[in-house]
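This report covers the chain shown below. It takes the sheet before the helices.

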Amino acid sequence: MKDIATPTRTKEILEKYGFSFKKSLGQNFLIDPNILRRITETAELTKETGAIEIGPGIGALTEHLARTAGKVVAFEIDQRLLPVLSDTLSPYDNVKIIHEDILKADVAQITEQEFSDFEQLMVVANLPYYITTPIIMKLLEDKVPFKGMVVMLQKEVADRISAKPGTKDYGSLSIAIQYYMEATTAFIVPKTVFMPQPNVDSAIIKLLRRERPAVEVTNEEFFFTVTRASFAQRRKTILNNLTNQLPAGKEKKEQILEALQQAEIEPSRRGESLSLEEFARLANALYPVFN
Ligand code: SAM
């Protein structure tokens, strides 16, 4: 069977349906079957795995998922793609398309309904670039019980997600994701494998859920508040950022200094030098001061 994701077949499909790309929906379709094979290999799918896809487009990745996973549920916001998908994916009986905005969908409930027979779930997607971070955070925060995610996003965002302490890319996004997941950049994807070509380079990132969060914190929300505050102005010291960003921080400067001491963190350090463990110690020492 001919792959959807060849330049010729993709053009044929687009012409048949008079489809025009919407930039506002991040529509850059994959036209290289080799990249799709590498994505599904990275996801290590089996027929016992359920796959959740966001933004199937004309079905390029969806058909590769249908071939390797037990079942695919794909969320697509663009109504114009529904008739296209029911045509291109007609050879596969294990695919369900849901016409919903992923950011509004009750993914946890849909997952429970659709994948009750599956022990393992993976999210695999070529994400719409205008909302990559909100999608990843929503799936994490909604407690969707997936084992991991293999997703394509802008290389620059992939670098920030998998960054280690002490690097320029390390920040609150690295911590928000690495708290729940182990993050690695699997491979870089050139612009030439998309139609139309995006302006930026892309990367495939693999996130695997940790058995328990990377560090123990008294209160998760407060931990994330402290990490965001610490990176508010990257050139400032941790002490400066905390006093400027936390509520009534200036009045609580002495207590903040004591908490830093208790956590064994020099007040003159910058947020980007702190490991997850150090942030956890700091947030736990600061918690009684602000709550
Ligand atoms: N999977 C296809 C591929 O690889 O060729 C298309 C990927 S394209 C980068 C992103 C897809 O996400 C588009 O089909 C777009 O319509 C869809 N999309 C954009 N925003 C969405 C949203 N909020 N919810 C669901 N799908 C969305």
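Two strands pair if DSSP finds at least two bridges between them. In this predicted model, β5 and strand β6 (residues 148-154) meet that condition: 5 bridges join them, and the two strands run parallel.

## Overall build

The chain has 12 helices and 9 strands. Its C-alpha trace spans about 70 × 40 × 30 Å along the principal axes. Of the 291 residues in the chain, 39% are buried. Contacts with a separation of 6 or more are counted next. Residues 24 or more positions apart account for 68% of them.

## The sheet

An open sheet holds 7 strands. Their order is β4-β3-β2-β5-β6-β9-β7, and the pairing is mixed. Which strands stand at the edges? They are β4 and β7 (181-189). Each has a single partner strand, so one side of each is left without a neighbour in the sheet. From one strand to the next, the twist averages 20°.

Strand β5 (120-126) sits between β2 and β6 in the strand order. On one side, 4 bridges join β2 to β5, and these strands run parallel. Here Gly50 stands opposite Leu121 in β5. On the β6 side, 5 bridges make the parallel pairing. Met122 has Gly148 of β6 as its bridge partner. Val123 has Met149 of β6. How many residues of β5 are buried? The count is 6 of the 7, so β5 is largely enclosed by the rest of the structure.

## Helix α3 and its surroundings

Helix α3 (residues 60-68) has 7 of its 9 residues buried, so the rest of the structure largely encloses this helix. The buried residues are Ala60, Leu61, Thr62, Glu63, His64, Leu65 and Ala66. What do they pack against? One neighbour is a helix, α2 (33-43). The others are the strands β1 (29-30), β2 (49-54), β3 (71-75), β4 (95-98) and β5 (120-126).

The helix pair α2 and α3 packs at an angle of about 45°, with the axes 10 Å apart. That angle makes α2 oblique to α3. Their crossing is right-handed. From α2, the contact uses Leu36, Arg37, Ile39 and Thr40. From α3, it uses Ala60, Leu61, His64, Leu65 and Thr68. By class, the contact of α2 with α3 has 5 nonpolar, 3 polar and 1 charged residues.

## Helices α9 to α12

Two further helix pairs involve α12 (residues 276-290). The first partner is α9 (220-230). The α9 and α12 axes lie 9 Å apart, at an angle of about 110°. This makes α9 roughly perpendicular to α12. The crossing of α9 past α12 is right-handed. In α9, Phe222, Phe223, Val226 and Thr227 take part. They meet Phe279, Ala280, Leu282, Ala283, Leu286 and Tyr287 in α12. The contact divides into 9 nonpolar, 1 polar and no charged residues.

The second partner is helix α11 (residues 253-262). The axes of α11 and α12 come within 8 Å and cross at roughly 150°. This crossing, too, is right-handed. Gln255, Ile256, Ala259, Leu260 and Gln262 of α11 touch Leu282, Ala285, Leu286 and Val289 of α12. The residues of this contact comprise 7 nonpolar, 2 polar and no charged.

The three helix pairs are set out here.

| Helix pair | Angle | Axis distance |
|---|---|---|
| α2 and α3 | about 45° | 10 Å |
| α9 and α12 | about 110° | 9 Å |
| α11 and α12 | roughly 150° | within 8 Å |

Helix α10 (residues 238-245) also has buried residues: Ile238, Asn241, Leu242 and Thr243. What covers them includes α9 and α11.

## An exposed residue

Glu15 is found in helix α1 (residues 7-16). Is Glu15 buried or exposed? The cut-off for exposed is 12 or fewer C-beta neighbours within 10 Å. Glu15 has 9 inside that distance, so it counts as exposed. Glu15 and Gln178 are 163 residues apart along the chain. Their C-alpha atoms are separated by 43 Å.

Key:
Residues numbered from 1 in each chain as written. Predicted model: local features only at pLDDT ≥ 70, side-chain atom pairs only at ≥ 80, totals over all residues. Buried ≥ 20, exposed ≤ 12 C-beta atoms within 10 Å, placed from the backbone. Contact = placed C-beta atoms within 7 Å. Axes fitted to C-alpha atoms, helices over the stretch in contact; angles between N-to-C directions. Parallel < 35°, antiparallel > 145°, perpendicular 65-115°, else oblique. Left-handed = near helix turned anticlockwise from the far one by under 90°. Nonpolar A, V, L, I, M, F, W, Y, C, P; charged D, E, K, R; others polar.
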